[in-house]
Every structure is written in C-alpha cells, then in structure tokens.
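Here's a quick tour of one fold, going from its sheet to the helices that pack on it. Have a look at the structure first.

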Amino acid sequence: MTGTIVYFSSASRNTERFVERCDFPSRGIDVRRIPLAPADGALHVDAPYILIVPTYGGGDARKAVPPQVKRFLNDPANRSWIRGVIASGNTNFGEAYAAAGPIIADKCHVPLMYRFELMGTARDVATVTDGVTRFFGALPH
C-alpha cells in the first residue's frame, strides 16, 4: 500500500491523539507530523497524502487554517501530493465548525473527506481508518 497521513496537531494534542487511535502504521500507511515550531524544520513530502488538520480561530473562518499548515502547503512540492483533507473542529464554533477542511480542500482542489469533533469518537476513528485504508488501497502503486 502506498500513502501517507500528514497531520498537524497543536500543543493540545487532540489531532495527534486521534491519528494515534487510527493506528495507520499497522495498515501500511506512513504518518508524518507537520512541526509545531518553525525551529523544528520544514516537513517535505514526496508521496500521495491525506492531510488531517485541526481548525483554529475560535469561530473566525479567516483564521481557521493553522499557520504551520499554511507554510507546509505553500511549498509547491508538498501541495502537489495532497489527495484529500480530514478536518477536526468544535461544534461550538457554529458555521465555522471544522472550517479549515473546506478552505484547504477548495484551495488545493481536493475532496473534504471527513470532519470530526475535537479528538473524535470511536465511530469517527473507525470511519476514518477504514476510509483512508480503502482510499490508499485503490491508488495505483
């Protein structure tokens, strides 16, 4: 199987815990984290990936995409490998719930594959794990 999950997680680690619960490596899917601090160096990807991203901004959709994710996607090579987006959010944000997902999907011309709240439920984990596994299994090798 080819494919990678690229994710960003803030200091809260909600997104990181969700990705860990999906256990992608046991399914042959690589997992890479976008660094939290610029001093940690840039992440470069050279394989098809699905981006899992939290939503920032406290309900202000203009601030929904974390700056670290913007930096990562501003690299044309990284942007060329994105195949879909999964976004987390907080339903307390109303219409801005998981807003980072549709913003990135629209700008990168890829599908918004799923949205989940905070750390996700067991059902979210199962749905995402199954969907990602089937998606990468369908890609040409």
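What follows covers the sheet, then two of the helices. Keep in mind that this is a predicted model.

**The sheet**

Five strands make an open sheet with parallel pairing, in the order S2-S1-S3-S4-S5. The edges belong to S2 (30-33) and S5 (112-117); each has a single partner strand, so one side of each is left without a neighbour in the sheet. On average, neighbouring strands are turned by 20 degrees against each other, ignoring direction.

Take the S4 (residues 82-89) and S5 pair: they run parallel and are joined by five bridges. Across that pair, Ser88 sits opposite Phe116 in S5.

**The helices on it**

| Helix | Strands involved | Angle |
|---|---|---|
| H1 (residues 14-22) | touches S1 (4-7), S2, S3 (49-53), S4 and S5 | about 165 degrees with S1 |
| H4 (residues 100-108) | lies across S3, S4 and S5 | about 165 degrees to S4 |

**A closer look at H4**

Which residues of H4 are buried? They are Ala100, Gly101, Ile104, Ala105 and Cys108. These buried residues cover an arc of only 125 degrees around the axis, which puts them on the same side of H4. The general rule behind such patterns is that an α-helix has 3.6 residues a turn, so residues three or four places apart point the same way.

Asp106 and Lys107, on the other side of H4, are exposed. As for the cover over the buried residues of H4, it includes S3, H2 (67-73), H3 (76-81), S4 and S5. Just after H4, His109 adopts a positive phi of about 60 degrees.

Definitions and conventions. Residues are numbered from 1 along each chain as its sequence is written. This is a predicted model: local features need pLDDT of at least 70, side-chain atom pairs count only at pLDDT 80 or more; totals for chains, interfaces and linings use all residues. Side-chain values use heavy atoms; hydrogens and water are left out. Two strands pair if DSSP finds at least two bridges between them. Helices (H or I, at least four residues) and strands (E, at least two) are DSSP runs, numbered from the N terminus. Axes are lines fitted to C-alpha atoms, for helices over the stretch in contact, and angles run from 0 to 180 degrees between N-to-C directions. Contact means heavy atoms within 4.5 Å. Buried means under 20% relative accessible area, exposed over 50%, partly exposed in between (1.4 Å probe, protein chains only). The arc is that of the directions from the helix axis to the C-beta atoms.
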